[in-house]
Amino acid sequence: TTAPPKVQTPAPEVEARPERPHLYKVILLNDDYTPREFVVSVLMGVFRMTEAEALGVMLTAHRRGACVVAVFTREVADLKARQGTEAGQRKGYPLAFTTERED
Ligand code: NFA
């Protein structure tokens, strides 16, 4: 007679537990050439902001030199920063977004 098949169950203390991903800020940099209304339109289109939110972020970057736009996992942050920067480049503007890892 054969024993019943044994089902493999990991001990609780070795259960797979994914790590919390690092988060990255997307930062809007001020420049002297990109029109304010174009910056607002990019923030609304790429970052799904309302016009009021986009105006606030644009004005903060304009006054202070830079403003955090949003926080994402690395791949999403890099993609959004590139989409925003390329939207400016297509119009010949120096508009730039960077990313920075959170502490
Ligand atoms: N400083 C730009 C202007 O006066 C507006 C701007 C804001 C550009 C934020 C880039 C980022 N036209």
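These legends walk through four close-ups of a predicted model, moving from the ligand out to the sheet.

**View 1. Who sits around the ligand.** Start with the ring of neighbours: L28, L29, N30, D31, T34, R36, V39, M58, A61 and H62 surround the ligand. By character, this shell splits into five nonpolar, three polar and two charged residues. As for secondary structure, β1 (23-29), α1 (36-47) and α2 (51-64) each chip in with at least two residues. Which element gives the largest share of the shell? That would be α2, with three residues.

**View 2. Polar contacts to ligand nitrogen.** Zoom in on N30, D31 and T34, which are all part of the shell. N30 uses its side chain here: one of its polar atoms lies 2.8 Å from a ligand nitrogen. With D31 the backbone does the job, placing a polar atom 2.7 Å from a nitrogen atom of the ligand. T34 also brings in its backbone, with an N or O atom 2.9 Å from a ligand nitrogen. How much of the ligand's accessible area does the protein cover? On its own the ligand has 330 Å² of accessible area, and the protein covers 89% of that.

**View 3. The three-stranded sheet.** Pull back to the strands and you get an open sheet in the order β2-β1-β3, paired antiparallel. At the edges are β2 (66-73) and β3 (96-101), each with pairing on one side only. Direction aside, neighbouring strands of this sheet are turned by 30° against each other on average. Pick out the β1 and β3 pair: six bridges join these antiparallel strands. For a handy landmark, find V26, whose bridge partner in β3 is T99.

**View 4. A helix laid over the strands.** Here α2 lies across β1 and β2. What angle does α2 make with β2? The helix runs at about 125° to that strand. Keep the ligand in the frame too, since both α2 and β1 supply at least two residues of its shell. M58, A61 and H62 are worth labelling as members of that shell, along with L28 and L29.

Note on methods. Residues numbered from 1 in each chain as written. Predicted model: local features only at pLDDT ≥ 70, side-chain atom pairs only at ≥ 80, totals over all residues. Heavy atoms only, no water. Near = heavy atom within 4 Å. Polar contact = N/O pair within 3.5 Å; in protein donor to acceptor, adjacent residues only side chain to side chain. Areas by Shrake-Rupley, 256 points an atom, 1.4 Å probe, with all protein chains shown as cover. Helix = DSSP H or I, 4+ residues; strand = E, 2+ residues; numbered from the N terminus. Nonpolar A, V, L, I, M, F, W, Y, C, P; charged D, E, K, R; others polar. Pairing = 2+ DSSP bridges. Axes fitted to C-alpha atoms, helices over the stretch in contact; angles between N-to-C directions. Contact = heavy atoms within 4.5 Å.
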